[in-house]
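Me: Please take one part of this structure and look at it closely. I would like one connected account, with each term explained as it comes up.

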Amino acid sequence: MAYPTGPAPTTRSPAATPAWVPGTRIGRALRRLADPRSLHWRITATVAAAACAMALGIGILVHRSSEAGAMSIGRDKALTQLQSAEGDFRDDPSVRDNPSEIGIFIDDELPDPLRERLASEPAPVTWYDDREPEKDPDMWAATRVNGTEVAVSVPMIMDVLSLKALDRHMTYAAIAMLTLVIPLTVLAAELVLRRLRRVAGTARRIRHGELDARTASRRHDEIGEISSAVDLMADALQERLHDEQRFTADVAHELRTPLAGLVTSASLLPESEATDLVRDRVQVLRTLVEDLLEISRLDAGAEQANAQQVPLGELVTECVRRTGLETRITVIGHPLAETDPRRLDRIVTNLVLNAHRHGGPPVEITVDTTSIVVRDHGPGFPPGLLAHGPQRFRTGAAERGHGHGLGLTIVLGQARVIGARLTLTNATPHGATATLELPHQEHVVIPTAELDHGAYPWAPTFRS
């Protein structure tokens, strides 16, 4: 589990990175669009489905309306021709002899469905004949003239072709509409989701300790309500944390005066086993108060790094020597870093003490370039520590008296001050590993002859 406490090192300039590479702004946008879980797809699919349903509904209504209109016109034409044929059939005897010459059908020449309708319904009747798909459809009209069944037919092929052309054009229009609606939907969704991502980004910044982060949304809509709720939550959280920090600082400060008296009084006690026990407990209390004061300063952001060029190998070796604990140290090359040696000494010391206190031997330290890796061979970090990070007064040990849980909290705070990155993981097959990545610096060469303990001004500044 990584705990970013400072700016990550930059190895490539933005100009040299293609826009589509993951990690760039366009690359992240493309990755979001390609994610099937993204709301882009859901919103776009919903709008596309709604547009298709609307186009289908309008198409069906227009098709049926146009079809009904064509049928009505066809019936009117057929009835008009039937009225003319009825007059000719009644008044002109020659027509009754050869009715087919002028498009009149009588008796058995009528289609059976038309004759059945004429027998069951009042004359005149109409019937649309589309029984055979390979033949052109017709509109029939029939009546009785002096007991004879008389009918005419009107071709409907042009109306059918017009209806098919209308359907085709509506289909093209629907496709064109979708090609326009879908990109606009993606754009509109992006504008909305960008505001949601901004709210989520603000929440993440607050989670990582940037308590002054706010959404500052001025829109009065649902997303604006969410933004306002996040801002109000951040205000309340910041106030509570400030109250906690002030309480911790006040308690630690007020304890210093009576603690100083206790230290003086303990030093005046006669030598005995009870005196040693009292002095040990007083020293534990003194360390606890100093740690609380240090944490309160780190929480308040009052600490500033005093960076200078130091050889990491010598600095780490000196830190481990001052702890008095057996630790294997491996230094690769002559790594150099520009950092605050006093704060780095505090970090390394706490990591070594934590490895010996909660881990198992052997404890190993590897220094390479700008990274410092501390590993033990114990049971490893507890899951709660890896999931939530270091928390004060939580040691992960079965017994409460084994430390106060402030060591890693101070390490995290000091790493943030010097711009380093702390990573806590469990090693394989067992053990815990703490990796400290210092900010990458331009390579500086220092003569090997100068790499001795007395050649640098940071040596006297180590915390004893």
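Reply: **The sheet around strand β4**

Four strands make an open sheet, with antiparallel pairing, in the order β2-β5-β4-β3. Strands β2 and β3 (125-129) are at the edges with a single partner strand each, so one side of each has no neighbour in the sheet. Strands here are DSSP runs of E with at least two residues, helices are runs of H or I with at least four, and both are numbered from the N terminus. Two strands count as paired if DSSP finds at least two bridges between them.

Some ground rules come next. The model is predicted, so local features need pLDDT of at least 70 and side-chain atom pairs count only at pLDDT 80 or more, while totals for chains, interfaces and linings use all residues. Residues are numbered from 1 along each chain as its sequence is written, and side-chain values use heavy atoms, with hydrogens and water left out.

Inside the sheet, β4 and strand β5 (residues 148-155) run antiparallel and are joined by eight bridges. One residue of β4 to follow is Trp140, whose bridge partner in β5 is Ser153. Trp140 counts as buried because its relative accessibility is 7%. The cut-offs are under 20% relative accessible area for buried, over 50% for exposed and partly exposed in between, with a 1.4 Å probe and protein chains only.

Trp140 also leads to the aromatic contacts, since the structure holds one aromatic pair. The partners are Phe105 and Trp140, which are tilted, with 5.1 Å centre to centre and 55° between the planes. The pair connects distant parts of the chain, as Phe105 is in strand β2 (residues 105-106) and Trp140 is in strand β4 (residues 138-145), 35 residues apart. Rings of Phe, Tyr and Trp (its six-membered ring) pair if their centres lie within 6.5 Å; planes under 30 degrees apart are stacked, over 60 edge-to-face, and the rest tilted. Phe105 has 25% relative accessibility and therefore counts as partly exposed.

The next residue to take up is Ala141, also found in strand β4. Its relative accessibility is 0%, so Ala141 counts as buried. What is Ala141 in contact with, leaving aside its neighbours within four places in sequence? The list is Ala78, Leu79, Leu82, Val125, Thr126, Val150, Ala151 and Val152. Contact means heavy atoms within 4.5 Å. Another residue to compare with Ala141 is Arg75, 66 residues away in sequence but with its C-alpha 7.4 Å from that of Ala141. One rule helps when viewing any such strand: in a regular strand, side chains alternate between the two faces of the sheet.

Salt bridges can be followed from the edge of the sheet. Opposite charges on side chains can pair when the charged atoms come close. The term is used for a side-chain nitrogen of Lys or Arg within 4 Å of a carboxyl oxygen of Asp or Glu. In one such bridge, Arg131 and Asp129 meet through their side chains at 3.0 Å, N to O. Asp129 has a relative accessible area of 13%, so Asp129 is buried. Lys135 and Glu132 form another, with 3.2 Å between the closest N and O atoms. Here Lys135 is exposed because its relative accessible area is 53%, and Glu132 is partly exposed because its value is 34%.

A second hairpin of strands can be set beside the sheet. Strand β11 (residues 421-426) pairs with strand β12 (residues 432-437) in the antiparallel sense over six bridges. Leu422 has Leu436 as its bridge partner in β12. Five residues lie between β11 and β12 in this hairpin, and Gly431 in the turn has a positive phi of about 110°.

Finally, the whole chain gives the setting. Its secondary structure comes to 11 helices and 12 strands. Of the 464 residues in the chain, 34% are buried. Contacts between residues at least 6 apart in sequence join residues at least 24 apart in 65% of cases. There are 15 salt bridges in the structure.
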